[in-house]
Amino acid sequence: MKQKAKLRQWVIGLVSVMLVLSLAACGGSNGGNSSPNSAQPSNTSDTPPASTENEEEYLPEPGAKLTVWESQEQMEYMEKVAAEFEKQYGVQVKLEVVAGGDQGTRLATDGPSKLAADVLTMPHDQIAQAVKAGLLLPNDLFEDETRAVMEDSAIKAVSYDGVLYGYPKSVETYAMYYNKDIFPEAPKTWDEIISFAETYTDTKQNKYAIMWEFVGYYTYPFVSTLGGYFFGNDNTDPTDIGLNNEGAVQGFELLKSLKKILPMNAGDVSYDVKTQLFQEGKLALNIDGPWSIAAFKDKVNFGVAPLPAMSNGEVSHSFSGVKAYFVNSYTEYPIASRLFSNFAANKENQLLNYQMTGAIPANKEAGEDPTIKNDPVISGFYGQFSHSTPMPTIGEINAVWDPLQAAFRTIWDDPKADVKTTLDTMVDTIKTSISSN
């Protein structure tokens with residue numbers, strides 16, 4: 001890549017200038033002591049070889065020290081990663097606890113004043129604002145490697161306007177929990193679930209075949225699987241709204257037909273309701289994410305499988321989230337920061353993260369590792385992730401959620417509601433909201 005070659009030349013030139021300054025300082029009037037800001041060549045003779053071919057091309061800046069922001073629940077894991085990085089590269093890493101959802105805001109305020117961390121661990125939906133504000137450096141040194149080893153959905157999630165910025169760390173999406181005492185093997189299609197529900201669902205006994213929350217996040221499969229979409233061009237073009245096209249209409253018609261197997265009003269299907277029913281063994285199938293594993297562990301004999309396929313065999317598409325490492329554009333150590341981000345995101349560290357915290361790897365080889373494939377819970381989520389779409393990152397998405405939820409509930413609750421008319425009205429509302437902001 002031309003960009004990579006230019007960057008290598010820049011690094012070589014920078015190091016050469018540093019060495020000249022260092023030598024000049026040694027012969028200066030300060031008695032041979034270097035000034036506090038002069039660069040000192042690092043002693044690389046004891047540094048073990050880097051773990052990848054790309055990493056061998058680069059060395060951290062002399063005297064580099066890094067600060068990394070990480071969430072509290074990931075801190076014990078990150079301490080191990082930081083210690084190993086320091087051992088291999090001789091770069092000291094300071095860790096600071098900052099919640100993932102707060103890091104984008106902190107970067108915006110602290111980045112320009114050089115008070116922010118060198119490396120962040122943000123969720124992907126904070127990328128757009130950070131990039132527009134010039135707060136992130138592209139993942140350019142390790143772009144080819146990252147694209148080769150990470151899941152495609154993860155790559156899309158941590159890119160903006162065609163440029164790769166993130167180093168994917170972990171992924172999450174929702175899938176289908178199933179009670180193994182009811183289903184020894186998970187059903188694979190909606191047709192199977194509909195047939196099962198005919199004899200299982202009993203409102204008087206509070207027994208239901210399947211539940212999900214009626215919000216845009218969980219009901220996205222009915223929008224996308226048959227050809228609908230939020231925004232065009234991979235959810236980056238707010239002028240192209242596909243929530244009322246033919247595929248979306250077909251998906252919502254399917255949704256409407258499922259009322260017979262879940263005879264409840266949409267507003268009555270809440271997280272708490274379905275969680276309790278699944279714990280009690282009264283809900284056979286529960287569409288939810290990995291964050292609910294703890295709620296069912298030791299209470300339900302459950303497994304996790306990908307979402308049911310449509311009648312035409314189409315695999316259901318879910319929304320997904322990706323957590324990744326990003327490099328602060330104001331860092332004083334851009335090479336060391338990139339090295340750390342790539343190192344922390346490698347296969348070995350993603351497997352370590354899974355072992356310590358249950359995080360689902362974004363690395364394809366890690367996802368194929370026996371420790372993942374033999375985990376009946378995590379493998380179910382990982383299988384669904386390969387058929388997922390990253391949550392949109394553009395600001396216009398905020399105009400979608402409320403009208404979409406209202407449309408879902410209208411179509412579900414009102415048997416007289418016309419699907420096409422309801423969707424057309426919803427899209428008009430979204431367009432009006434976008435144009436007024």
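The buried residues of helix H18 are covered by elements that include helix H8 (216-224), strand E10 (229-231), helix H10 (246-257) and helix H19 (419-436), and this helix is a convenient place from which to read the structure, which is a predicted model. H18 itself runs over residues 401-413, and its 13 residues reach 18 Å from the first C-alpha to the last, close to the 18 Å expected at 1.5 Å a residue.

Which residues of H18 are buried? They are Pro403, Leu404, Ala407, Phe408, Ile411 and Trp412, each of them with under 20% relative accessible area. Because these residues cover an arc of only 165 degrees around the axis, they lie on the same side of H18.

From this helix the view can be widened to the protein chain, in which there are 19 helices and 16 strands. Of the 437 residues in the chain, 53% are buried, and among the contacts with a separation of 6 or more, 75% are made by residues that stand 24 or more positions apart. The accessible surface of the protein chain comes to about 19,700 Å², and carbon and sulfur atoms account for 49% of that area.

There remains the matter of confidence. The mean pLDDT of the protein chain is 86, with 87% of its residues reaching 70 or more. Over residues 1-55, however, the pLDDT is below 50, although this stretch has 56 contacts in the model beyond near neighbours in sequence.

Terms used: Residues are numbered from 1 along each chain as its sequence is written. This is a predicted model: local features need pLDDT of at least 70, side-chain atom pairs count only at pLDDT 80 or more; totals for chains, interfaces and linings use all residues. Side-chain values use heavy atoms; hydrogens and water are left out. Helices (H or I, at least four residues) and strands (E, at least two) are DSSP runs, numbered from the N terminus. The expected span of a helix is 1.5 Å times one less than its number of residues. Buried means under 20% relative accessible area, exposed over 50%, partly exposed in between (1.4 Å probe, protein chains only). The arc is that of the directions from the helix axis to the C-beta atoms. Contact means heavy atoms within 4.5 Å. Accessible areas come from the Shrake-Rupley method with a 1.4 Å probe; for residues, only the protein chains shown count as cover. pLDDT is the predictor's confidence in each residue, from 0 to 100.
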